[in-house]
Amino acid sequence: MKKLTTSKFLLDNKSKLQEIIKNLETDFKYVSILGCDVDGASYSVTTSAISLNPSPDYQRGFVIRVYTDLGFSEYSFNEVDVEKVCENVRKIALEDRKKIVEGLDRVTYDRLPNDDEITKEKITEVENLPEEDNPEKIITTLQKIHDEVKAKYEKIVQLSLRLNITQVNKIFLSKNKDLYQSYAYSTGFAMAAATDGNNTKIDFISNSGLCGSELISEFEKAAEDACRRTEELLTADRVVPGEYDIICDPDFTGLIAHEAFGHGAEMDMYVKERAKGKEYQDKRVASDKIIMHDGATAFDEVSSYLFDDEGNLGRDTVIIDKGILRHGMCDELSAILLGQESTGNGKRESFK
């Protein structure tokens, strides 16, 4: 195993970011900066095309969050000019925001974000470092799997294999927090389309992990399963609409839990009165055999991390304990409004 290479972009700018925070603390009760340097590659081999593109999660830059009596304001940037950044933050937070909130009902925060003194770093290991990957070798391997597997199934008209490899580097700084993490994750899927001349069916198999390009070792089985299952669908009986008792494999159980229940336990929706979970807090929602976990440390997978995008350490949150709904998933700002503690689920789409 090899330890990931840290981000020169983030660490070279760290002293300037700390200078920005110290400068802005004279005007604001709370100042934090999240820095993101996310890179990688996306490999695709299909029956009709081959492509190599940057990771769809690519991003590089910073976002500042500050608090005044008017509430929270944010400013994103990717060039670290201390004087310019401080000037723009003051303008946005003290001038522009005042104009926006005049005449509006404001959300009132009765405390500042958690800013306990924490200094932590986590740099994970992978078998294949992303910067050492040979793109031609990866494409050749995917092409070989595609050709050999597709040749076994005469009704498969299209087989697609995709491998995304992403390295995430993040830094979070505030008056009391100094956090850094580097981790890599890979996701992939095999999708097959089959036809018998009258009907066309599609199925896919996905795989993922906290790893690098070594995930490619799972692609042959995934391609085989996708092709086999897709051809089987051509002769499958239609399900008659109605109610059924079903037995699910873990993947499908997770899908049901996520879509039918998980979204209802997102606590930013508690704030907006849009989540069913709020009505069932500390009430029975399932059999006493059911315990449901969520969080960055609940399991080592793609969404596992040391800290979230608001500088809170990842946690293992017990959502359902022996059938009783105990807690939802909460970001920092929702936690303040609800009088709760963040569960380390504050994740941004992008620093922008």
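**Close-ups of a predicted model**

Lys29 and Asp69 are both exposed, and this is a predicted model.

**View 1. Lys29 and Asp69 pair up in a salt bridge.** The closest N and O atoms of Lys29 and Asp69 sit 2.7 Å apart. This pair links distant parts of the chain, with the two positions 40 residues apart. Lys29 comes from the loop between helix 2 (14-24) and strand 2 (30-46), while Asp69 comes from the loop between strand 4 (59-68) and strand 5 (71-77). As a bit of background, side chains of opposite charge can pair when their charged atoms come close. The structure holds 21 salt bridges, and the Lys29–Asp69 pair is one of them.

**View 2. Asp203 reaches Arg229 through a salt bridge.** Here the closest N and O atoms are 2.8 Å apart. Asp203 lies in strand 10 (residues 200-209) and Arg229 in helix 5 (residues 219-233), so the salt bridge ties together parts that are 26 residues apart in sequence. Buried or exposed, what is Asp203? Asp203 counts as buried, because its relative accessible area is 16% and the cut-off for buried is under 20%. Arg229, with 32% relative accessibility, is partly exposed.

**View 3. Ile205 sits in strand 10 and is buried.** The relative accessible area of Ile205 is 16%. Which residues does Ile205 touch, leaving aside its neighbours within four places in sequence? The contacts are Gly188, Phe189, Ala190, Ala222, Asp225, Ala226 and Arg229. Arg229 is thus a name to look for again, as the salt-bridge partner of Asp203. For Phe189, which is 16 residues away from Ile205 along the chain, the C-alpha to C-alpha separation is 5.5 Å.

**View 4. Arg228 and Glu232 form a salt bridge within helix 5.** The two residues are 4 apart, about one turn of the helix. Their closest N and O atoms are 3.5 Å apart. Arg228 is partly exposed at 35% relative accessibility, and Glu232 is partly exposed too, at 45%.

**View 5. Helix 4 (residues 135-150) packs with helix 5.** The angle is about 30 degrees, and the axes are 10 Å apart. What is the handedness of the crossing of helix 4 and helix 5? That crossing is right-handed. On the helix 4 side, look for Leu142, Ile145 and Val149. They meet Phe219, Glu220, Ala223, Glu224 and Cys227 from helix 5.

**View 6. Four residues share a network of salt bridges.** The linked residues are Arg65, Glu74, Glu310 and Arg348.

**View 7. Thr46 lies in strand 2 and is buried.** Thr46 has a relative accessibility of 15%. Setting aside neighbours within four places in sequence, Thr46 is in contact with His146, Gln158, Leu159 and Ser160.

**View 8. A nonpolar patch shows on the surface.** Its members are Val239, Val240, Tyr244, Ile246, Phe252, Leu255 and Ile256, and together they offer about 720 Å² of accessible area. Ile256 belongs to helix 6 (residues 250-261). With a relative accessible area of 36%, Ile256 is partly exposed; that value fits the patch rule, which takes residues with over 30%.

Methods:
Residues numbered from 1 in each chain as written. Predicted model: local features only at pLDDT ≥ 70, side-chain atom pairs only at ≥ 80, totals over all residues. Heavy atoms only, no water. Patch = residues over 30% accessible without salt bridge, like charges linked within 9 Å, V, L, I, M, F, W, Y side chains within 5 Å. Areas by Shrake-Rupley, 256 points an atom, 1.4 Å probe, with all protein chains shown as cover. Salt bridge = Lys/Arg side-chain N within 4 Å of Asp/Glu carboxyl O. Buried < 20%, exposed > 50% of the residue type's maximum accessible area, 1.4 Å probe, protein only. Contact = heavy atoms within 4.5 Å. Axes fitted to C-alpha atoms, helices over the stretch in contact; angles between N-to-C directions. Left-handed = near helix turned anticlockwise from the far one by under 90°.
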